[in-house]
Amino acid sequence: MQKYLFDKPLIEAVIEKRNSQFTMNVSLNGQTVKCHCPATTRIADVDLSGIPCLVSHSDDPKRKLKYTVEAVSFDPPKCENKNWVGINLILSNRLVEWALNTHQLDEMVSEYKSVKREVFLGVSKLDFLVGSTYLEVKTPLTTIDVKYGSHIKTKKVTPFSSTDRMVKHVKELAGSLADHERAILLTVQQYEPTEKKPHLHSTHYEEVKQVMSEAVAKGVESWNVSFKFLPDGVTLIGVRNTTDELLSY
């Protein structure tokens, strides 16, 4: 089995609190350390205080915060084989590029000679052009499909309302496709799904559903990849076509 290896194994710690969109305090080796949080969105409906996490360390002297929280787990802190949930959105693109270059996603897209990063389609900049297939990567964290341990405390959350950018992006994506091209919205789960959670409809659900329906009719596809996240690296679990699910966004 092929594995994406980190430069250095990640270090297990415990989250004390999330300070803001950008930082968390964690308990590491008995000390409180302020860490960078690479996920600026809400992370599930969970109170993160007291849950395990994995952090990376940077030797870059220019960095203000030397540690970054790379993953969290909703398993009990004493669980030996935790199901880690990666929260670094930048890593998702690296994992997809690695999986494409090692031809682990041939079920989704195959017979390509090049993988290009950050390409334009119309006025939109997309993450990848794989042969003649445009690929846009998203890593949703507001709903995480894993089973929670009994120690987890949940919070009441409100439906997502900021959909303007996504609607505009999908419209442009669908409207700019040539006959020989494909476009894929690729959802990345940096974890092993263990329990399907209900996804709240956005406050603009009807508008979004209409846009998605029109996009699918014009050839836009939706796929999902999931990865097993471990302290030393990541492996691919599976890839599946989820275009039908896109219509129930």
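Begin by selecting Glu97, which is partly exposed in this predicted model, with a relative accessible area of 23%. Its salt-bridge partner is Arg117, and the closest N and O atoms of the two are 2.9 Å apart. Glu97 belongs to helix H1 and Arg117 to strand S8 (residues 115-121), so that the pair, 20 residues apart, links distant parts of the chain. Arg117 is partly exposed as well, with a relative accessible area of 35%.

Stay with helix H1 (89-101) and bring up the largest nonpolar core, to which this helix gives two or more residues, as do strands S9 (124-130), S10 (133-138), S11 (182-189), S12 (220-230) and S13. Which element gives the largest share of this core? That share, six residues, comes from H1. Of the 30 residues in the core, those that touch the most other members are Leu100, Met108, Leu135, Leu186 and Phe229. Select Leu186 next and, leaving aside its neighbours within four places in sequence, look for its contacts, among them Val96, Met108, Leu135, Trp223 and Val225. Apart from this core lies another, of 27 residues, including Val55, Val72, Val85 and Val146.

Val55 leads to the next stop, strand S5, where it stands opposite Ile11. Select residues 52-57 to show S5, of whose six residues five are buried, so the strand is largely enclosed by the rest of the structure. S5 pairs in the antiparallel sense with strand S2 (residues 11-18) over four bridges, and with strand S6 (residues 67-73), again in the antiparallel sense, over five bridges. In the pairing with S6, Cys53 can be found opposite Val72.

Move now to Thr242, in the loop between strand S13 (233-241) and helix H4 (243-246). Is this residue buried or exposed? Thr242 counts as buried, at 6% relative accessibility, and it touches Ser222, Trp223 and Asn224, not counting residues up to four places away in sequence.

The last stops return to salt bridges, of which a search of the whole structure finds nine. Select Asp232 and Lys3, whose closest N and O atoms are 2.9 Å apart; the two residues are 229 residues apart, with Asp232 in the loop between S12 and S13 and Lys3 in the segment before strand S1 (4-5). Then select Lys196 and Asp145, whose side chains meet in a salt bridge at 3.8 Å, N to O. Here Lys196 is exposed, with a relative accessible area of 59%, whereas Asp145 is buried, at 6%. Finally, select Lys147, Glu195 and Lys197 together, which are linked in a network of salt bridges.

Definitions and conventions
Residues are numbered from 1 along each chain as its sequence is written. This is a predicted model: local features need pLDDT of at least 70, side-chain atom pairs count only at pLDDT 80 or more; totals for chains, interfaces and linings use all residues. Side-chain values use heavy atoms; hydrogens and water are left out. Buried means under 20% relative accessible area, exposed over 50%, partly exposed in between (1.4 Å probe, protein chains only). Two strands pair if DSSP finds at least two bridges between them. Contact means heavy atoms within 4.5 Å. A nonpolar core is a set of buried Ala, Val, Leu, Ile, Met, Phe, Trp, Tyr and Cys residues joined through side-chain atoms within 4.5 Å. A salt bridge is a side-chain nitrogen of Lys or Arg within 4 Å of a carboxyl oxygen of Asp or Glu.
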